[in-house]
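User: I would like to go through one protein chain by question and answer. Please keep the reasoning short and plain.

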Amino acid sequence: MVIDYKKIELFGKQLIQKVVLEPPFDFSFPIAQQACFLYMLDGDMQYLSQNNTIDIPSNYSLLLNCVNSGNKIQNSNNDNKGEIVIVTFHPDVLKKVYEKDLPKLFKPNNQVSNQTSEKIKNDFLIKKYIEGLLFYFENPS
């Protein structure tokens with residue numbers, strides 16, 4: 001069950017979401033031509049796809065390709081609330097933001113990957129990035 005939900009939009013598209021969930025929870029991802037980044041602020045979750053299950057504890061993150069159907073996160077532990085930050089990467093928004101100079105990270109390097117998800121361990125830079133995003137929820141003006 002959703003206890004608190006906040007979102008920030010950019011160019012009319014949902015960019016950042018902060019969701020507080022009461023366990024047990026179950027959240028299915030819509031099929032879309034985009035990637036999203038989930039950061040577990042508090043609690044833990046399981047990411048379920050057709051091929052595998054990944055446990056995501058607090059302060060860990062997950063980078064997802066949302067093209068495939070049937071992907072969802074869940075938590076059946078009734079003790080802890082789950083607090084998640086979700087950043088959605090819309091291709092057209094990224095093109096507008098990086099109109100003049102595309103970062104090297106986004107430039108093609110001829111590597112092909114069929115990964116649909118990747119668990120990312122706690123990293124100082126990711127934690128600071130999330131703290132920076134949370135500032136906008138705390139100071140909406």
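The turns below go from the overall fold to the cores, the salt bridges and the surface.

User: What pattern of helices and strands does the chain follow along the sequence?

Analyst: This is a predicted model. Its secondary structure comes to 2 helices and 10 strands. Read along the sequence, these elements follow the pattern β-β-β-β-β-β-β-β-β-α-β-α.

User: Among contacts with a separation of 6 or more, what share comes from residues 24 or more positions apart?

Analyst: One example of a pair far apart in sequence is I8 and Y136, which are 128 residues apart in sequence and 8.3 Å apart in space, C-alpha to C-alpha. For the chain, the count takes contacts with a separation of 6 or more and asks how many join residues 24 or more positions apart. That share is 70%.

User: What percentage of the residues count as buried?

Analyst: A residue is buried if its relative accessible area is under 20%. The chain has 141 residues. The accessible surface of the chain comes to about 9,300 Å², with 51% of it belonging to carbon and sulfur atoms. The buried share of the residues is 30%.

User: Which strand gives the most residues to the largest nonpolar core?

Analyst: The largest nonpolar core has 15 residues, and L38, M45, L62, I73 and I84 touch the most other members. Strands β2, β4, β5, β6, β7 and β9 each supply at least two residues of this core. With 3 residues, the strand that gives the most is β4.

User: Which residues does I84 touch, not counting those up to four places away in sequence?

Analyst: I84 is one of the residues that touch the most other members of the largest core. Two others from that group, L38 and M45, are among the residues that I84 touches. The full list is Q17, K18, V19, L21, L38, Y39, M40, M45 and I73.

User: How many residues are in the second, separate core?

Analyst: The second core is separate from the largest one. Its members include I16, F37, L133 and L134. The number of residues in this second core is 10.

User: Is K18 buried or exposed?

Analyst: K18 is found in strand β2. Its contacts, leaving aside neighbours within four places in sequence, are D4, Y5, K6, L41, E83, I84, L134 and F137. The relative accessibility of K18 is 16%, and the cut-off for this class is under 20%, so K18 counts as buried.

User: Which residue meets K18 in a salt bridge?

Analyst: The side chain of K18 makes a polar contact of 3.3 Å with a side chain in strand β9. The salt bridge has an N to O distance of 3.3 Å. This pair links distant parts of the chain, with strand β9 on one side, strand β2 on the other and the two positions 65 residues apart. The partner of K18 is E83.

User: About how many helical turns separate K128 and E131?

Analyst: K128 forms a salt bridge with E131, and the closest N and O atoms are 3.1 Å apart. K128 counts as partly exposed because its relative accessibility is 42%, and E131 is partly exposed at 38%. The two residues are 3 residues apart in helix α2, so the separation is about one helical turn.

User: How many salt bridges does the count come to?

Analyst: K7 and E9 provide one of them, with their side chains 3.2 Å apart, N to O. K7 has 42% relative accessibility and counts as partly exposed, and E9, at 45%, is also partly exposed. The pairs E83 and K18 and K128 and E131 meet in salt bridges too. The count comes to 4.

User: Which residues is I8 in contact with, leaving aside neighbours within four places in sequence?

Analyst: I8 is found in strand β1. At 23% relative accessibility, I8 counts as partly exposed. Its contacts are K13, Q14, L15, I16, Y136 and F137.

User: Which residues make the nonpolar surface patch of about 270 Å²?

Analyst: One member is V97, whose place is in helix α1, residues 91-97. V97 counts as partly exposed because its relative accessibility is 44%. The patch is made by F11, V97 and Y98.

Terms used. Residues numbered from 1 in each chain as written. Predicted model: local features only at pLDDT ≥ 70, side-chain atom pairs only at ≥ 80, totals over all residues. Heavy atoms only, no water. Core = buried A, V, L, I, M, F, W, Y, C linked by side-chain atoms within 4.5 Å. Buried < 20%, exposed > 50% of the residue type's maximum accessible area, 1.4 Å probe, protein only. Helix = DSSP H or I, 4+ residues; strand = E, 2+ residues; numbered from the N terminus. Contact = heavy atoms within 4.5 Å. Patch = residues over 30% accessible without salt bridge, like charges linked within 9 Å, V, L, I, M, F, W, Y side chains within 5 Å. Areas by Shrake-Rupley, 256 points an atom, 1.4 Å probe, with all protein chains shown as cover. Polar contact = N/O pair within 3.5 Å; in protein donor to acceptor, adjacent residues only side chain to side chain.
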